[in-house]
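These are my notebook entries on a single protein chain. I set down each point as I looked it up.

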Amino acid sequence: MMSQDQLSEQSEAVQILEGQVLNITLLASEWKSSAGGLSTLNRELAIHLAQVKNVRVSLLVPEGACNDEDKREASSFGISILDAKKCVGVERLLWLSNPPQDHKIDVIVGHGVKLGCQVQLIKRQAQFQNCKWVHVVHTAPEHLSKFKDYSNPISRGEEKHWDEVDLCKCADLVVPVGPRLAKAYHSYLQECKKDEDFFELIPGLFEREFGDLPAKQKPKDESEDFIVLLCGRGDEEDFELKGYNTAVKAFADQRLKGKHYSLRFVGSPEGKQDEVRERLLKYGITNEQLTVREFVKSRERMKELFCEVDMVIMPSKSEGFGLVALEGLSAGLPILVGNNSGFARAMKSIPNGKYIIVGESGDPAKWAEAIEDVQDRHGVVLKESEMLKEHYSKKFCWQKQCEELVARLWKMVCGKVSPVV
């Protein structure tokens with residue numbers, strides 16, 4: 001909760017002198033969401049920052065990553081998409097290290113190691129050396145490594161951890177996504193960073209994309225098929241991390257097996273649906289209960305998918321935040337999530353939010369019990385989901401958070417509260 005002095009300072013900060021503009025550039029791999037949640041959050045952040053008065057937002061992407069349609073859509077939100085020119089023999093995302101030389105940057109926003117390491121090279125260039133660096137963190141690599149299915153996950157997790165921490169040390173402002181990461185990075189950086197060097201961002205609802213869907217959700221009775229959506233990427237290394245094994249084992253439980261419950265897994269690599277399906281079937285789910293589709297890259301297709309299903313589950317063993325659960329909530333769907341996620345921690349601060357959290361998130365029997373309960377009370381749970389959505393939107397609002405963030409950025413750029421009229 002902001003103090004009265006902070007609120008007063010924020011109010012002053014938005015009263016910028018006419019014609020004075022804060023130029024914010026975000027590093028990105030794309031405009032759409034084909035690469036997953038980071039792209040989704042980055043686009044939404046850019047859109048809401050662009051709505052703040054006296055702010056000019058640009059998205060810097062590798063040359064060829066966005067087509068004319070992407071650029072027109074971005075422009076409709078007041079966002080300019082800039083191409084970082086191709087560098088032969090250099091990894092694609094490193095092209096972002098060279099913004100157009102005539103581009104004005106007051107604040108540059110990077111995301112994690114993949115879309116943040118470039119900032120240190122950008123700031124070595126004379127025309128950009130005074131811009132402020134905002135580093136957004138989406139994961140805690142050491143937490144994730146405990147559940148990764150590849151060679152030497154712990155040592156690789158530690159290496160990724162220190163890369164992330166060292167980038168945070170260099171940044172002017174660290175922006176953890178959600179309360180779980182905020183707590184972790186405050187701990188990692190307490191020796192060199194103060195509280196004012198952090199800005200915790202809790203994503204708001206995706207009202208623009210999914211806000212009109214709740215009216216389309218209809219209660220199901222016990223005689224109708226009840227479709228549960230498990231959405232993510234079916235990469236082998238993340239199978240345990242994302243709880244895919246837990247989910248399918250739940251459908252092998254006697255509460256759900258052989259009844260009207262079905263699981264729709266959407267996240268297979270392209271052309272690998274049969275392989276993913278065979279792996280999932282080994283956990284005891286019946287052939288009739290399981291549908292496997294490839295990862296959804298289109299937001300329109302995601303919207304259609306939410307209209308097909310009756311609830312969304314996110315059984316991850318560890319999750320920095322968990323956008324798919326927030327997307328499900330935005331669509332008005334009943335959701336169930338594991339307790340070890342940033343989204344779960346945010347929901348605990350919402351009235352009745354704790355009831356969508358499966359406490360023993362690694363126990364398939366608990367998931368089966370929770371899914372059965374949602375189906376039994378489906379009409380009531382749909383109404384409860386609408387109430388949860390309303391409470392969430394009031395507490396975690398994109399517009400308010402972006403205005404607060406911009407106020408912080410003006411202070412960083414000007415060295416004081418921004419000039420007032």
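**Entry 1: Ala 331**

Which residues does Ala 331 touch, not counting residues up to four places away in sequence? I found Phe 210, Leu 213, Pro 214, Gln 217 and Phe 306. I note at the outset that the model is predicted. I placed Ala 331 in the loop between helix H12 (323–330) and strand S11 (335–338). Its relative accessibility is 0%, so I recorded Ala 331 as buried, the limit being under 20%. One of its contacts, Phe 306, is 25 residues away along the chain, yet the two C-alpha atoms are separated by 7.0 Å.

**Entry 2: Nonpolar cores**

I met Phe 306 again when I turned to the largest nonpolar core, which has 71 residues. Phe 306 is among those with the most contacts inside this core, together with Ile 24, Leu 59, Ile 79, Phe 343 and Tyr 392. Another core lies apart from it and has 28 residues, including Ala 247, Ala 250, Ile 285 and Leu 336. I recalled a general tendency here: in soluble globular proteins, nonpolar side chains tend to be buried together.

**Entry 3: Leu 59 and Leu 60**

I then listed the contacts of Leu 59, leaving out residues up to four places away in sequence. Among them are Leu 26, Ala 28, Trp 31, Ala 46, Ile 79 and Leu 82, but also Glu 30, Asn 42 and Ser 80. Leu 60 lies in strand S2. Is Leu 60 buried or exposed? I recorded Leu 60 as buried, because its relative accessibility is 1%. With the same sequence neighbours left out, Leu 60 touches residues including Thr 25, Leu 27, Asp 83, Leu 96, Pro 99 and Pro 100. Thr 25 is 35 residues from Leu 60 along the chain, and their C-alpha atoms are separated by 6.8 Å.

**Entry 4: The cavity**

How many cavities of 30 Å³ or more does the structure hold? I found one, and its volume is about 60 Å³. Its lining consists of Leu 45, Leu 49, Val 109, Val 134, Val 136, Val 175, Leu 201, Leu 405 and Leu 409. Helix H2 (37–50), strand S5 (132–137) and helix H16 (398–414) each give two or more residues to this lining. I sorted the lining residues by kind and obtained nine nonpolar, no polar and no charged.

**Entry 5: An open sheet**

I traced an open sheet of six strands in the order S9-S8-S7-S10-S11-S12, with parallel pairing. Strand S9 (290–294) and strand S12 (357–358) stand at the edges; each has a single partner strand, so one side of each is without a neighbour in the sheet. Within the sheet, I followed strand S7 (residues 226–231) and strand S8 (residues 261–268), which pair over six bridges. Ile 227 stands opposite Ser 262 in S8.

**Entry 6: Two positive phi values**

Most residues other than glycine have a negative phi. I noted Asn 54 for its positive phi of about 65°. Asn 54 is in the loop between H2 and strand S2 (55–62). Asn 352 also has a positive phi, near 65°, and is placed in the loop between helix H13 (342–347) and S12. How do their relative accessibilities class them, as buried or as partly exposed? Asn 54 is buried, with a relative accessible area of 16%, whereas Asn 352 counts as partly exposed at 49%.

How values were computed. Residues are numbered from 1 along each chain as its sequence is written. This is a predicted model: local features need pLDDT of at least 70, side-chain atom pairs count only at pLDDT 80 or more; totals for chains, interfaces and linings use all residues. Side-chain values use heavy atoms; hydrogens and water are left out. On a 1 Å grid over the protein atoms alone, a cavity is a set of points where a 1.4 Å probe fits but cannot get out, and a pocket is an open set with protein on both sides within 12 Å along at least five of seven lines; lining residues have an atom within 4 Å of a point. Grid points are joined across faces, edges and corners, and a volume is the space filled by probe spheres set on the points. Helices (H or I, at least four residues) and strands (E, at least two) are DSSP runs, numbered from the N terminus. Ala, Val, Leu, Ile, Met, Phe, Trp, Tyr, Cys and Pro count as nonpolar, Asp, Glu, Lys and Arg as charged, and the others, Gly among them, as polar. Buried means under 20% relative accessible area, exposed over 50%, partly exposed in between (1.4 Å probe, protein chains only). Contact means heavy atoms within 4.5 Å. A nonpolar core is a set of buried Ala, Val, Leu, Ile, Met, Phe, Trp, Tyr and Cys residues joined through side-chain atoms within 4.5 Å. Two strands pair if DSSP finds at least two bridges between them.
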